Amino acid sequence: LQQVRTLLSELGDSLDDGVPTFVMGDFNEWMRLGRPVRYLDQRLGRTRALKTFPSRRPILPLDRVWVRPVE
């Protein structure tokens with residue numbers, strides 16, 4: 001959670017200024033209602049939660065990708 005807060009703080013006003021932004025990674029958050037994903041969704045827009053873990057038979061969505069602006 002602290003890492004997500006730091007990331008959003010570093011991105012700062014660029015998110016509101018329409019600067020192209022790409023954020024991706026394994027946020028180790030299985031549920032969309034978890035605070036880290038919720039905070040990122042609020043600032044970057046909701047992302048799809050594709051199942052990525054375990055890789056041979058994915059059943060959980062751990063990896064996420066956010067892209068802004070979305071057109």
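This report covers the helices, a surface patch and selected residues of the structure above. The model is predicted.

**Helix α1**

Helix α1 spans residues 2–11, and its buried residues are V4, L8 and L11. Viewed down the helix axis, these residues fall within an arc of 60°, so they line one face of α1. The other side of α1 carries exposed residues: Q2, Q3, S9 and E10. The cover over the buried residues of α1 includes β1 and α2. After α1 comes G12, with a positive phi near 45°.

**Helix α2**

Helix α2 runs over residues 35–44. Its buried residues are P36, V37, L40, D41 and L44. Down the axis of α2 they fall within an arc of 130°, so they too line one face of their helix. D41 is on this buried list along with V37 and L40. The packing partners of the buried residues of α2 are α1, β1 and β2. G45 follows α2, and its phi is positive, near 95°.

The two glycines that follow the helices can be set side by side.

| Helix | Residue that follows | Phi |
|---|---|---|
| α1 | G12 | positive, near 45° |
| α2 | G45 | positive, near 95° |

**Strands β1 and β2**

Strand β1 covers residues 21–26, and β2 covers 63–68. T21 belongs to β1. Is T21 buried or exposed? T21 counts as buried because its relative accessibility is 9%, and the cut-off for buried is under 20%. The T21 side chain reaches the backbone oxygen of V19 at 2.9 Å. Setting aside neighbours within four places in sequence, T21 contacts L11, L15, W66, V67 and R68. Of these partners, L11 is one of the buried residues of α1.

A nonpolar patch lies on the surface. Which residues form this patch? They are F22, M24, V65 and V67, with about 390 Å² of accessible area together. β1 and β2 are the elements that give two or more residues to this patch. V65 sits in strand β2. V65 counts as partly exposed because its relative accessibility is 39%; the class lies between the 20% limit for buried and the 50% limit for exposed. V67, another member of the patch, is also among the contacts of T21.

**The loop between α2 and β2**

This loop holds both T52 and P54. What kind of peptide bond joins F53 and P54? The bond is cis, with omega about -15°.

T52 is partly exposed, as its relative accessible area is 26%. Leaving out residues up to four places away in sequence, T52 touches P58, L60, P61, L62 and D63. With D63 there is a polar contact: the side chains of T52 and D63 are joined at 2.8 Å. D63 falls at the start of the range given for β2, 63–68. Looking back along the chain, R38 is 14 residues from T52. The C-alpha atoms of T52 and R38 are separated by 19 Å.

**Putting it together**

The helices and strands meet through buried side chains. The buried residues of α1 are covered by elements including β1 and α2, and those of α2 pack against α1, β1 and β2. At the surface, β1 and β2 give residues to the nonpolar patch. In the loop between α2 and β2, T52 makes its side-chain polar contact with D63.

Conventions. Residues are numbered from 1 along each chain as its sequence is written. This is a predicted model: local features need pLDDT of at least 70, side-chain atom pairs count only at pLDDT 80 or more; totals for chains, interfaces and linings use all residues. Side-chain values use heavy atoms; hydrogens and water are left out. Patches are made of residues with over 30% relative accessible area and no salt bridge: like charges are joined within 9 Å, nonpolar side chains (Val, Leu, Ile, Met, Phe, Trp, Tyr) within 5 Å. Accessible areas come from the Shrake-Rupley method with a 1.4 Å probe; for residues, only the protein chains shown count as cover. A salt bridge is a side-chain nitrogen of Lys or Arg within 4 Å of a carboxyl oxygen of Asp or Glu. Helices (H or I, at least four residues) and strands (E, at least two) are DSSP runs, numbered from the N terminus. Buried means under 20% relative accessible area, exposed over 50%, partly exposed in between (1.4 Å probe, protein chains only). A polar contact is a pair of N or O atoms within 3.5 Å; within protein, one must be able to donate a hydrogen and the other to accept it, and residues adjacent in sequence count only if both atoms are side-chain atoms. Contact means heavy atoms within 4.5 Å. The arc is that of the directions from the helix axis to the C-beta atoms.
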